[in-house]
Amino acid sequence: VNSAHSCGGSVLSARWVLTAAHCTYGKDPRWLQVRAGTDQLQRGGSLLAVRRAVNHPKYVHGHQDWDVSVLELAGALSFGSTIKAVTLPAAGAEPSTNTAVLASGWGLTQAQKGKGRSGRPAPNLPQQLRKVTVRVVQRSTCANVYRGVLTDRMICAAAPGKDTCTYDSGGPLVDSARGVQVGVVSWGQGCADPNYPGVYVHLGNKDVP
């Protein structure tokens, strides 16, 4: 946003990028740019303008459900060794409990009080892309933690001392063993709080795409 990092995303095709709806809600597409093909925060790769952002029609600002958006780029990405399209799960596919999944982004490495997974552009983000392996949490366990909030469009993942954090929103959650993106970084309570798993958009849910 305005040349400052605010969220992550993943490449669906040469002209479309997947991210979180709360990252794009209320933002003029002219403010948005996508950088792809680099592991550096603000240099390298390809930098493209955004033509439009399309949020899920059921997304409501201020609520966590249906938190998915696609960006149409003003130009086409050139695929190669550093830019590739992700593979999405089949409709109805449910990641198994305890599956190892990989999240990546340039988010903070510790929570900011009062912040979720994204916020105003921050000055002290890591310059190198970071990644973390967490494990899928049983749905009933996560539902007990986030009572009345967790829906079928969400999955949870956690590991001791590991999590996504502020400014990681919109980034991918990938089942590396299968090479499939199963989630989108969405929300959570704090970052790496042992009592609260991270919550991700469940891309295998048949109603999400």
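User: How many aromatic pairs does the count come to here?

Analyst: Keep in mind that we're looking at a predicted model. Two rings pair up if their centres lie within 6.5 Å. By this rule, the count comes to three aromatic pairs.

User: Take Tyr25 and Tyr59: are their rings stacked, tilted or edge-to-face?

Analyst: The ring centres of Tyr25 and Tyr59 sit 6.2 Å apart, and the planes meet at 65°. Planes over 60 degrees apart count as edge-to-face. So for Tyr25 and Tyr59 the answer is edge-to-face.

User: How many residues apart in sequence are the parts that this pair ties together?

Analyst: Let's place both rings. Tyr25 is in the loop between α1 (21–24) and β3 (33–36), and Tyr59 is in the loop between β4 (46–55) and β5 (69–73). These are separate loops, so the pair ties together parts whose distance in sequence is 34 residues.

User: Is Tyr59 buried or exposed?

Analyst: Its partner Tyr25 is partly exposed, with a relative accessible area of 41%. For Tyr59 the value is 11%. Buried means under 20%, so Tyr59 is buried.

User: What kind of aromatic pair do Tyr146 and Tyr196 form?

Analyst: Here the rings are 5.7 Å apart, centre to centre, with 45° between the planes. Under 30 degrees would be stacked and over 60 would be edge-to-face, with the rest called tilted. The pair of Tyr146 and Tyr196 is tilted.

User: Where in the chain is Tyr196?

Analyst: This pair links distant parts of the chain, 50 residues apart. Tyr146 is in the loop between α2 (139–145) and β8 (154–158). Tyr196 is in the loop between β10 (180–187) and β11 (198–202).

User: Which residue forms one aromatic cluster with Tyr146 and Tyr196?

Analyst: Tyr146 counts as buried at 7% relative accessibility, while Tyr196 is partly exposed at 30%. The cluster has one more member besides these tyrosines: Trp187.

User: Which residue has its backbone oxygen 3.3 Å from a polar atom of the His56 side chain?

Analyst: His56 is in the loop between β4 and β5, and it's buried, with a relative accessible area of 12%. Leaving out residues up to four places away in sequence, His56 touches Trp66, Val68, Asp207 and Val208. The backbone oxygen in question belongs to Asp207.

User: Which side chain is joined to that of Asp175 by a polar contact?

Analyst: Asp175 lies in strand β9 (residues 172–175) and is buried, with a relative accessible area of 6%. Among the residues Asp175 touches are Thr99, Val180 and Val182, with those up to four places away in sequence not counted. The polar contact is 2.8 Å, and the side chain joined to Asp175 is that of Arg178.

User: How many residues does the largest nonpolar core have?

Analyst: Val180, which touches Asp175, is in this core, along with others including Val101, Ile155 and Tyr200. The elements giving two or more residues to it are β6 (100–105), β7 (130–137), β8 and β10. Another core, of 11 residues, lies apart from it and includes Val34 and Leu48. The count for the largest core is 12 residues.

User: What is the volume of the largest pocket?

Analyst: First, its walls: 45 residues line the pocket, and Gly8, Gly9, Ser10, Arg35 and Trp106 lie nearest its centre. Elements that each supply at least two residues of the lining include β1 (10–13), α1 and β9. The volume of this pocket is about 1200 Å³.

Terms used:
Residues are numbered from 1 along each chain as its sequence is written. This is a predicted model: local features need pLDDT of at least 70, side-chain atom pairs count only at pLDDT 80 or more; totals for chains, interfaces and linings use all residues. Side-chain values use heavy atoms; hydrogens and water are left out. Helices (H or I, at least four residues) and strands (E, at least two) are DSSP runs, numbered from the N terminus. Buried means under 20% relative accessible area, exposed over 50%, partly exposed in between (1.4 Å probe, protein chains only). A polar contact is a pair of N or O atoms within 3.5 Å; within protein, one must be able to donate a hydrogen and the other to accept it, and residues adjacent in sequence count only if both atoms are side-chain atoms. Contact means heavy atoms within 4.5 Å. Rings of Phe, Tyr and Trp (its six-membered ring) pair if their centres lie within 6.5 Å; planes under 30 degrees apart count as stacked, over 60 as edge-to-face and the rest as tilted. A nonpolar core is a set of buried Ala, Val, Leu, Ile, Met, Phe, Trp, Tyr and Cys residues joined through side-chain atoms within 4.5 Å. On a 1 Å grid over the protein atoms alone, a cavity is a set of points where a 1.4 Å probe fits but cannot get out, and a pocket is an open set with protein on both sides within 12 Å along at least five of seven lines; lining residues have an atom within 4 Å of a point. Grid points are joined across faces, edges and corners, and a volume is the space filled by probe spheres set on the points.
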